[in-house]
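User: I would like the terms used for this model explained one at a time. Please set each value against its definition and then conclude.

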Amino acid sequence: MIINIKNFNREQIADSGQCFRWRKLDEGKYLIPAYDHQVTVAQSGEKFEFSCTGEEYKKIWEHYFDMKIDYGRIIDAIDDNDTFLKEAAAYGSGIRILNQELWEMIISYIISQNNNIPRIKKGIEAVSRGRDAPGGSTCHFPARRRRCGS
């Protein structure tokens, strides 16, 4: 599935510190796991190729990537006199707020304390490796009941 998206940059999102299981496959392509699914996303400018059906995109990825929010409109609404915020918005104009699973966010936050991003990624990868998925896939983040016994 190929779509055009403004204010969306996988590299900026991957490096933003809000997701730790994204894996860069090669230049311009990421493997992104969420909600017991995974998608590869390739980017060329504002053109994106998602390795999923239109139905799966609508059901999972549109929400996950916060696609219904017009980030350009938010950036345009910044007061012209606020040079600090204008510069920050220009620098991170491709970052989106990801709608992630709550349990994964809580565990990621706990692991992130007193760590740096590469160490956090390794810790999250270790928690998710093969716990709920056949073949050691890291697509699935382990469910709370599997970790806590409830």
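Analyst: Two strands pair if DSSP finds at least two bridges between them. Strands (E, at least two residues) and helices (H or I, at least four) are DSSP runs, numbered from the N terminus. In strand 4, for instance, the bridge partner of A34 is H37. This is a predicted model, where local features need pLDDT of at least 70 and side-chain atom pairs count only at pLDDT 80 or more, while totals for chains, interfaces and linings use all residues. Residues are numbered from 1 along each chain as its sequence is written, and side-chain values use heavy atoms, with hydrogens and water left out.

User: How many helices and strands does that rule give for the protein chain?

Analyst: The secondary structure comes to seven helices and five strands. Along the sequence, the pattern reads β-α-β-β-β-β-α-α-α-α-α-α.

User: What makes strand 3 and strand 4 a pair?

Analyst: Six bridges join strand 3 to strand 4, so the requirement of at least two is met. The two strands run antiparallel. Their hairpin has two residues between the strands, and Y35 there takes a positive phi near 50°.

User: Which other strands pair by bridges with strand 3 or strand 4?

Analyst: Strand 2 pairs with strand 3 (residues 29-34) in the antiparallel sense over three bridges, and D26 has K29 as its bridge partner. Strand 4 pairs with strand 5 over four bridges, again antiparallel. S44 stands opposite K47 of strand 5, and in that hairpin, with two residues between the strands, G45 has a positive phi near 65°.

User: Why is the sheet said to have edges at strand 1 and strand 2?

Analyst: The five strands form an open sheet in the order 1-5-4-3-2, with antiparallel pairing. Strand 1 (2-4) and strand 2 (23-26) each have a single partner strand, so one side of each lacks a neighbour in the sheet. The twist averages 30° from one strand to the next.

User: Which residues of helix 2 are called buried, and what covers them?

Analyst: Buried means under 20% relative accessible area (exposed is over 50%, partly exposed in between; 1.4 Å probe, protein chains only). In helix 2 (residues 54-64), Y57, I60, W61, E62 and Y64 are buried. Their cover includes strand 1, strand 3, strand 4 (37-44) and strand 5 (47-50). Just after helix 2, D66 takes a positive phi of about 60°. Buried residues make up 36% of the 150 residues in the protein chain.

User: What makes one space a cavity and another a pocket?

Analyst: On a 1 Å grid over the protein atoms alone, a cavity is a set of points where a 1.4 Å probe fits but cannot get out; a pocket is an open set with protein on both sides within 12 Å along at least five of seven lines, and lining residues have an atom within 4 Å of a point. The search finds one cavity of 30 Å³ or more, with a volume of about 60 Å³. The largest pocket has about 240 Å³.

User: Which residues line the largest cavity and the largest pocket?

Analyst: The lining of the largest cavity includes C19, W22, Y35, Y64 and E104, and divides into seven nonpolar, one polar and three charged residues. The lining of the largest pocket includes Y71, I78, L85, G92 and R96. Helix 3 (71-76) and helix 4 (83-91) each supply at least two residues of the pocket lining.

Definitions and conventions:
Points joined across faces, edges and corners; volume = space filled by probe spheres on them. Axes fitted to C-alpha atoms, helices over the stretch in contact; angles between N-to-C directions. Contact = heavy atoms within 4.5 Å. Nonpolar A, V, L, I, M, F, W, Y, C, P; charged D, E, K, R; others polar.
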